[in-house]
Amino acid sequence: MSHSICKNIKQIEQEIGNTQLVVVSKYRSLPELQEVYDGGHRHYGENRVQELTTKYENLPKDIHWHLIGHLQSNKVKYIAPFIYLIHSIDSLKLLKEVDKEARKHQRVISFLFQMHIAQEETKFGLSKTELDEILLDQEYINLTHVACKGLMGMASNTEDIDQVKKEFEYLNSVYTELKDKHHYDTLSMGMSGDYLTAIAEGSNLIRVGSKIFSVQ
Ligand SMILES: *Cc1c(COP(=O)(O)O)cnc(C)c1O
């Protein structure tokens, strides 16, 4: 493993204890990913279906692939055979498509509901009201080939730590409200710039890219 990638991962692992680290590999080359793989890592996050499937085809098959970016219904079929966890479910319509494709492959696909917690309007995700509506929808309750594991969210892209902290705190409060009843175990929040804040606010899965691959 190249010195800086190795060093960066080790440093992050020391900081995060038992928190699950998903290495965000978007834009990174196959040789870079192979290096991370050789260092023992098996959880990778991609935000685009095309790039994810190409990497899946060219790398060892025991990798757990996480889709972390926005997913369009017409792309679900490409990832359904192998995807490990979809972090970005933001509508019942999309989830029904995932269920349909999972059924074709006789799989149950795990997913997270993505919630909108940032101030920016550009970030995808559900409001609490929309989430509650889905959870009560009989069509949702009847789905058999998808399994919700918890929630995901992205905080505002700002230097204002108090704002970021507030957003993570809010997402954790929603997660805490729902997790026992629905058997959730995953709260996916925190990226390179804010993972320590996220962990302090209850995250148990962080998605880190640039901090791992950048030369420091
Ligand atoms: C790119 C991305 C990340 C990782 O961001 P870094 O700042 O590079 O760590 C995490 N989550 C999502 C949804 C992303 O798109």
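**Ligand contacts and aromatic pairs**

Q: What makes the Ser210 backbone a polar contact of the ligand?
A: In this predicted model, a backbone N or O atom of Ser210 lies 2.8 Å from an oxygen atom of the ligand. The cut-off is 3.5 Å, so this is a polar contact. The protein covers 86% of the 390 Å² of accessible area that the ligand has on its own.

Q: How do you know that Lys26 makes a polar contact with the ligand?
A: A polar side-chain atom of Lys26 lies 2.8 Å from a ligand oxygen atom. That is within 3.5 Å, so the pair counts.

Q: Why is the pair of Tyr56 and Phe82 called stacked?
A: The ring centres are 3.7 Å apart and the planes are at 5 degrees. Pairing needs centres within 6.5 Å, and stacking needs planes under 30 degrees apart, so the pair is stacked. Tyr56 is in helix 3, Phe82 in the loop between helix 4 and strand 4, and they are 26 residues apart.

Q: Is Phe82 buried or exposed, and why?
A: Phe82 has 12% relative accessibility. Buried means under 20%, so Phe82 is buried.

Q: Why is Tyr56 called partly exposed?
A: Tyr56 has 22% relative accessibility. Buried means under 20% and exposed over 50%, so Tyr56 falls in between.

Q: What makes the pair of Phe111 and Phe113 edge-to-face?
A: The planes are 85 degrees apart, with 5.0 Å centre to centre. Over 60 degrees counts as edge-to-face, so the label fits.

Q: How do you know that Arg42 lies over the face of Tyr37?
A: Arg42 is at 3.5 Å from the ring centre and lies over the face. The distance limit is 6 Å, so 3.5 Å passes.

Conventions
Residues numbered from 1 in each chain as written. Predicted model: local features only at pLDDT ≥ 70, side-chain atom pairs only at ≥ 80, totals over all residues. Heavy atoms only, no water. Polar contact = N/O pair within 3.5 Å; in protein donor to acceptor, adjacent residues only side chain to side chain. Areas by Shrake-Rupley, 256 points an atom, 1.4 Å probe, with all protein chains shown as cover. Phe/Tyr/Trp six-rings, centres within 6.5 Å; stacked < 30°, edge-to-face > 60°. Helix = DSSP H or I, 4+ residues; strand = E, 2+ residues; numbered from the N terminus. Buried < 20%, exposed > 50% of the residue type's maximum accessible area, 1.4 Å probe, protein only. Lys NZ or Arg CZ within 6 Å of the ring centre and 35° of its normal.
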